[in-house]
Every structure is written in C-alpha cells, then in structure tokens.
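Dear colleague,

I am handing over the structure below, together with an account of what was found in it. Please read the notes alongside the coordinates.

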Amino acid sequence: MDDAHTPNPSDEAAERNRAAALFSYLDSLGIQTRTTWHPAVFTVEASSGVTGSIPGAHTKNLFLKDKKGRIFLVVALQETEVALKSLHQRIGGQGRLSFADAARMERLLGVYPGAVTAFGVMNDTGGEVRLVVDAALQDHEIINAHPLTNTGTTSISRGDLMRFFAATGHDPLIVDLTADDTGDSEEGSNP
C-alpha cells in the first residue's frame, strides 16, 4: 500500500460521517441497504478475502479521464476484465482513457483511492462525472459497493441502486465492459 492510498489516520471519523451521510440520503429515498464493516481494503484482491462471504455481486471501480479531461466512473462486476484500450470507444470518450488524479476524485466523489464506489456520485452535484455501469451487473439482484469508505461493504438491490443513480442525476450508461483486446485489462482498479 503506498501513501496515495493511505488515508490520514484522523480521517476515521470523517469516513464514518461520509457513510452516515450516504445512509441518511438512502433513507430519504426509502432505500434499504445492509452494511458489513471490515478492515480497510484497497484492491480487488484484498477485498475478495474480506468480503467473499457477503452475498451478491461485488464491484470494482475505475475513476478515469479522457484526453479532453472528461471524467468517467466505471462500475464493473469484480470479475470483469475491462478492456481499457478500447473502452473510450464504447463509452464516448475522446482518445484513450487514463486514471484521473486523487485530488479530483476527492473533490468529485468525496473519496480517496481505494475507496472509489458507485455511491460516490451522490457527491458529484455538478454532474461532472459520467457514470458507466457494467452490463454484467444487471444479472445480479444484490450489488455490493463501499459506503464512501473502504472499511465497509453495503449491499443494495439492483433496482434500488438504479433509483439512487436517478436521484443523484446520474443516468448510467450500461455497457458490456468485457475485455475484447488481447492483453488489454485494467491495472490499479479500486474495489
């Protein structure tokens, strides 16, 4: 784990406050969830050992930018191999995609690397983030994502997650993210 993925130790209370704000927002929408708290996880590999017993589809997230600086949050099924070389063509990006910086992630999603989550769009009040959802997630009734902190996993029904997206003003682009380029898959994805 490098320093870019290490939150300030004094941020534990702030993380719980972010999660509480998410839960309050979900409650206001009449959306029920279940959250399991666990040690912090920063990668898909680490999360599978901690969250493997939680039923439902687990997500991984890519916070990307295109050559024009447009931002994309890609929410994928944990097992999906995402073809980054051709992804821009499927999601309307201009030129190849690259990982966006941590400062922009914190400003737009309210999270840090390692805690990227579909729920982060609630903090994108200016609509700067284009939400892209893996079509493979549509095959699962329960979807699991971080509750704005990587010390928890929140389970939500697929329908309620879509209601949440609509309430935040983010109409997801649902795309088949399966790798179709030989040797082209993401590295550095966040659970």
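A search of the whole structure finds five salt bridges, a salt bridge being a side-chain nitrogen of Lys or Arg within 4 Å of a carboxyl oxygen of Asp or Glu. Please bear in mind that this is a predicted model, in which local features need pLDDT of at least 70 and side-chain atom pairs count only at pLDDT 80 or more, while totals for chains, interfaces and linings use all residues. Residues are numbered from 1 along each chain as its sequence is written, and side-chain values use heavy atoms, with hydrogens and water left out.

Side chains of opposite charge can pair when their charged atoms come close. One of the salt bridges joins E128 and R107, whose closest N and O atoms are 3.3 Å apart. Because E128 lies in the loop between α4 (102-109) and β5 (129-134) whereas R107 belongs to helix α4, this pair ties together parts that are 21 residues apart in sequence; helices here are DSSP runs of H or I with at least four residues, and strands are runs of E with at least two, numbered from the N terminus. R107 is exposed at 52% relative accessibility, and E128 is partly exposed at 43%, where buried means under 20% relative accessible area, exposed over 50%, and partly exposed in between, with a 1.4 Å probe and protein chains only.

A further salt bridge brings together the side chains of R158 and E141, at 3.7 Å from N to O. R158 sits in helix α5 (residues 158-167) and E141 in the loop between β5 and β6, so this pair links parts that are 17 residues apart in sequence. Both residues are partly exposed, R158 with a relative accessible area of 23% and E141 with 47%. The side chains of D101 and R104 also meet in a salt bridge, at 3.5 Å from N to O, and here D101 is partly exposed at 33%, as is R104 at 23%.

Turning to the interior, the largest nonpolar core has 32 residues, and those with the most contacts inside it are L73, L109, F119, F164 and F165; such a core is a set of buried Ala, Val, Leu, Ile, Met, Phe, Trp, Tyr and Cys residues joined through side-chain atoms within 4.5 Å. Two or more residues of this core come from each of α1 (12-28), β2 (57-65), β3 (71-77), α4, β5, β6 and α5, and the largest share, four residues, is that of β3. F164 touches, among others, L22, Y25, L26, A118 and F119, not counting residues up to four places away in sequence, contact meaning heavy atoms within 4.5 Å. Apart from this core lies another, of 13 residues, among them V82, L84, L87 and L177.

Two individual residues also deserve a mention. T154, in strand β7 (residues 152-157), is buried with a relative accessible area of 0%, and its side chain makes a polar contact with that of T35 at 2.8 Å; a polar contact is a pair of N or O atoms within 3.5 Å, where within protein one must be able to donate a hydrogen and the other to accept it, and residues adjacent in sequence count only if both atoms are side-chain atoms. The residues that T154 touches include F23, F119, I143 and P147. L148, in the loop between β6 (142-145) and β7, has a positive phi of about 70° although it is not a glycine, and L148 is buried at 1% relative accessible area.

With best regards
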